[in-house]
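Visitor: I'm new to reading protein structures, and I'd love a close look at one part of this one. Could you walk me through it slowly?

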Amino acid sequence: MGVENSGSSSESKQELPESSSCQERLSIEHVIELISLLITLSHSVKVFATKWQSIRDRLEELLSSLTAIENCDSSDNPSLISALKSILATLKDCDSLAQRCVELSYSGKLLMKSDLDIVYARLNSHIKNLSEIYTLGLLNHNYAIVLSRPNLGASRDDMKIYVKDLFSRLKIGSTDMKKQALFSFNEVIHEGDKYVKIAVEVDGFISLLVNFLDLNESEIQEEATKAVSLIAGFENYRGVLIGAGIISPLIRVLECGTELSKEFAARCLQKLTENSDNAWSISAHGGVTALLKICSNVDSCGELVSLACGVLKNLVGVEEIKRFLVEEGAIGTFIKLARSLDGVTQISSIDFLQSMASGDESIRQIIVREGGVRALVRVLDPKSLFPSKAREISLKGIMSVCSSSVNSFEMLSNCGFLDHILYFLRYGDVSAQELALKASFWLCGTSEEAKKAMGDAGFMLELVKFLDSSSFDVREMAAETLYSMILVTRNRKRFVQNDQNVGLVLQMLDKEDVNSGNKKLLLSLLMSLTSCNSARKKIVGSGYLKKIEKLAEDENSDAKKIVRKLSSNRLRSFLNGIWHS
């Protein structure tokens with residue numbers, strides 16, 4: 001556009017200098033300086049604010065593009081010289097328009113709006129032209145400079161300039177410059193979502209990252225996939241990624257990307273599928289099949305399998321997807337993974353099986369039928385070197401799968417479940433003992449047969465030791481498990497046969513610091529034991545009877561019941577008549 005288009009006199013239009021001075025005036029540094037001055041001037045314009053804001057955005061983008069190639073030698077590049085000439089002409093016209101808008105000296109609003117639109121279009125054209133020059137490799141990117149990363153606490157304007165500069169490099173840069181820009185962007189995202197927020201505001205930034213997922217250049221794909229994965233870590237911006245069409249490219253990365261790209265893609269999908277609304281989109285683009293294939297591939301690394309399990313776990317809340325996984329043989333695949341020696345893979349696969357089994361009897365039966373219980377019990381084997389986390393998640397899986405099976409105890413017993421649990425009760429560290437205690441509590445509640453077998457195996461002797469634990473939860477669980485077990489007659493007799501057992505319960509009751517919750521549990525145990533003659537004799541002759549009588553005087557109903565029970569015995573006949581209340 002000529003200046004005359006804006007109604008100015010011919011003197012206002014300045015011609016570019018010729019010969020050697022032209023090269024000096026056409027240096028990238030000179031053009032950058034003019035753009036910076038023009039951006040400053042544009043802030044003084046009070047009319048046509050929307051149009052000037054759009055022009056200013058394009059000027060800033062052009063500034064970033066030129067800054068990225070500032071150290072390139074323009075004198076050896078005809079394409080760049082031509083582009084700089086054209087840019088300089090547009091800048092002069094833009095400057096003229098800005099001056100007249102500031103001075104309100106234009107001839108008409110419609111004509112000025114038209115001239116501003118033309119300048120805007122020309123700036124867009126220059127940005128595109130520079131991008132093409134760079135893409136064709138017509139510039140030596142080895143001399144390109146990178147803006148310094150803003151310091152912590154930098155102003156938002158500084159951060160915005162930095163992000164726009166990175167955006168320009170991503171658009172017009174060579175392969176190496178794109179990689180460098182992506183790496184720099186991923187670094188600043190770690191500071192929090194402030195840079196992500198700016199990137200989302202820059203038109204086309206997120207879409208460009210999404211487009212990079214389909215590039216054949218592996219390092220760019222990896223860094224771009226890492227970028228979207230980091231962005232997905234901020235819940236507020238997951239919708240932006242979905243809106244940019246991220247799902248399909250991520251699944252293509254899962255199918256064809258490098259191992260590292262696949263990990264980032266799976267991590268991103270795991271975050272996106274925390275919102276169940278996205279589950280169908282994953283399925284519609286073939287994501288379920290791609291994820292299952294990763295889990296079935298023996299060459300997949302443990303971290304990738306773990307992430308794929310995490311995504312699938314988020315998807316099985318959709319009944320149709322769960323059924324599809326069953327039909328595709330997913331149960332057998334994950335039982336096989338549960339036998340893996342890789343702890344990460346093992347934990348994730350067991351966690352997935354537990355999610356599948358939760359509330360679904362038909363799937364629990366499939367897991368049992370395909371040897372899932374045996375695989376889970378194997379993880380609890382003390383001879384194995386599996387981490388405690390794997391044992392914990394395995395126990396949860398066992399409890400989930402076997403919770404409703406009528407043959408669960410027989411099945412577990414045949415697999416050595418009782419032996420493993422008893423071993424950890426006796427010899428495990430604190431965390432292993434607590435895990436075994438949970439298992440004992442659960443197993444005791446499955447059937448009468450389980451209680452009898454536990455009594456025969458020696459569980460009560462170990463459980464009674466936990467009554468003196470410093471943890472209230474541990475004491476409570478041990479007392480409740482014991483109480484449940486001694487309701488079985490033969491267990492109660494076996495418990496009483498050991499003099500230390502009854503004595504320890506009474507000793508715990510006599511402690512001054514025993515709280516009301518523990519007191520109630522201990523009294524419940526004693527009440528159950530009083531149905532056994534030998535237990536009543538031991539309580540009476542223990543020396544702790546006064547403690548129980550004192551509690552009864554304090555209106556403790558459980559203590560009163562025990563005293564009444566003891567009073568009915570001939571050994572305590574002299575107490576008759578005292579306790580009639």
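Visitor: To begin with, does Leu104 count as buried or exposed, and what relative accessibility puts Leu104 there?

Guide: Happy to help! Keep in mind that this is a predicted model. Leu104 has a relative accessibility of 54%, so it counts as exposed; the cut-off for that class is over 50%. To find Leu104, look in the loop between α4 (78-103) and α5 (109-135). Its backbone is worth a glance too: the phi of Leu104 is near 55 degrees, a positive value in a residue other than glycine.

Phe48 makes a good companion. Phe48 is not a glycine either, and it has a positive phi of about 50 degrees. Phe48 also sits in a loop, the one between α2 (28-42) and α3 (49-68). With 14% relative accessibility, however, Phe48 counts as buried, because buried means under 20%.

From these loops, let's move to the interior. Here is a general idea to carry along: in soluble globular proteins, nonpolar side chains tend to be buried together. In this model, the largest nonpolar core has 147 residues. Those with the most contacts inside this core are Phe185, Leu209, Leu325, Phe334, Phe417 and Leu467. Take Phe334 as an example. If you set aside its neighbours within four places in sequence, Phe334 touches Leu292, Cys295, Cys309, Leu312, Ser349, Phe352 and Leu353. Apart from the largest core lies another one, of 32 residues, which includes Ile28, Ile69, Leu91 and Leu130.

Aromatic rings come next. The structure holds eight aromatic pairs. In one of them, the ring centres of Phe417 and Trp442 are 6.3 Å apart and the planes stand at 90 degrees, so this pair is edge-to-face. Phe417 belongs to helix α24 (residues 417-427) and Trp442 to helix α25 (residues 430-444), so the pair ties together parts that are 25 residues apart in sequence. Phe417 and Trp442 are both buried. Tyr423 and Phe424 form an edge-to-face pair as well, with 5.6 Å from centre to centre and 85 degrees between the planes. Their surroundings are worth checking: Tyr423 counts as partly exposed at 39% relative accessibility, whereas Phe424, at 11%, counts as buried. Elsewhere, ring pairs link Phe167, Phe185 and Phe205 into a cluster.

Now for a helix that is mostly covered. In α21 (residues 372-379), six of the eight residues are buried: Gly372, Val373, Ala375, Leu376, Val377 and Val379. What do they pack against? The buried residues of α21 pack against α18 (330-338), α19 (343-357), α20 (361-369), α22 (388-402), α23 (408-414) and α24.

Let's finish with two helices that cross. The axes of α29 (residues 489-497) and α30 (residues 499-510) come within 4 Å and cross at roughly 85 degrees. That makes α29 roughly perpendicular to α30. Where they meet, Phe495, Val496 and Gln497 come from α29, while Asp499, Asn501, Val502 and Val505 come from α30. Sorted by class, this contact has four nonpolar, two polar and one charged residues.

Key
Residues numbered from 1 in each chain as written. Predicted model: local features only at pLDDT ≥ 70, side-chain atom pairs only at ≥ 80, totals over all residues. Heavy atoms only, no water. Axes fitted to C-alpha atoms, helices over the stretch in contact; angles between N-to-C directions. Helix = DSSP H or I, 4+ residues; strand = E, 2+ residues; numbered from the N terminus. Parallel < 35°, antiparallel > 145°, perpendicular 65-115°, else oblique. Contact = heavy atoms within 4.5 Å. Nonpolar A, V, L, I, M, F, W, Y, C, P; charged D, E, K, R; others polar. Phe/Tyr/Trp six-rings, centres within 6.5 Å; stacked < 30°, edge-to-face > 60°. Buried < 20%, exposed > 50% of the residue type's maximum accessible area, 1.4 Å probe, protein only. Core = buried A, V, L, I, M, F, W, Y, C linked by side-chain atoms within 4.5 Å.
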